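User: Could you walk me through this protein model? I'd like to hear about its fold and its pocket.

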Amino acid sequence: MLLGRWDFSRTIDDRLAGSRSTVVGSTELTAESDERVRWHEAGILHTDGRELEVFRTLHVVRQDGSWNVTFEDGRFFHPWIPGEDVEHPCGA
């Protein structure tokens, strides 16, 4: 597992509005157990000429031999395979 602090850059495509935003920040991955990692990220969202501070906490959880990312409340977000790109359409 890739524990520690990592820098990230993310592109957000809003297909409904036809706009693109970016987030640049850092992620801290901290083991809570052998089966669960806390994923806290914070950064700056660049959108519509504005800069906004953003943050969220997720978890990476081992389930049935694979890793999944969940929201802080435990809802499934997306599968996670180290080294592979993640693309996920947001819900409505």
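User: What share of the contacts with a separation of 6 or more comes from residues 24 or more positions apart?

Analyst: Happy to help, and do keep in mind that this is a predicted model. A contact here means heavy atoms within 4.5 Å. Among contacts in the protein with a separation of 6 or more, the share from residues 24 or more positions apart is 21%.

User: How many helices and strands does the protein have?

Analyst: Read from the N terminus on, the elements go β-β-β-β-β-β. The count is therefore 0 helices and 6 strands.

User: What percentage of the residues of the protein count as buried?

Analyst: Buried means under 20% relative accessible area. The protein has 92 residues, and the part of them that counts as buried is 27%. On the surface side, the protein exposes about 6,800 Å². Carbon and sulfur atoms supply 51% of that exposed area, while the buried share of residues, to come back to your question, is 27%.

User: Which strand gives the most residues to the lining of the largest pocket?

Analyst: The largest pocket holds about 1,300 Å³ of space. Its lining has 38 residues, and R10, R56, H78, V86 and H88 are the closest to the centre. Strands that each supply at least two lining residues are β1 (4-14), β2 (19-33), β3 (36-47), β4 (50-63) and β6 (76-80). The top contributor, with 8 residues, is β1.

User: How many residues in the lining of the largest pocket are nonpolar?

Analyst: Sorting the lining by class gives 9 charged and 8 polar residues. The remaining class, nonpolar, has 21.

How values were computed
Residues are numbered from 1 along each chain as its sequence is written. This is a predicted model: local features need pLDDT of at least 70, side-chain atom pairs count only at pLDDT 80 or more; totals for chains, interfaces and linings use all residues. Side-chain values use heavy atoms; hydrogens and water are left out. On a 1 Å grid over the protein atoms alone, a cavity is a set of points where a 1.4 Å probe fits but cannot get out, and a pocket is an open set with protein on both sides within 12 Å along at least five of seven lines; lining residues have an atom within 4 Å of a point. Grid points are joined across faces, edges and corners, and a volume is the space filled by probe spheres set on the points. Helices (H or I, at least four residues) and strands (E, at least two) are DSSP runs, numbered from the N terminus. Ala, Val, Leu, Ile, Met, Phe, Trp, Tyr, Cys and Pro count as nonpolar, Asp, Glu, Lys and Arg as charged, and the others, Gly among them, as polar. Buried means under 20% relative accessible area, exposed over 50%, partly exposed in between (1.4 Å probe, protein chains only). Accessible areas come from the Shrake-Rupley method with a 1.4 Å probe; for residues, only the protein chains shown count as cover.
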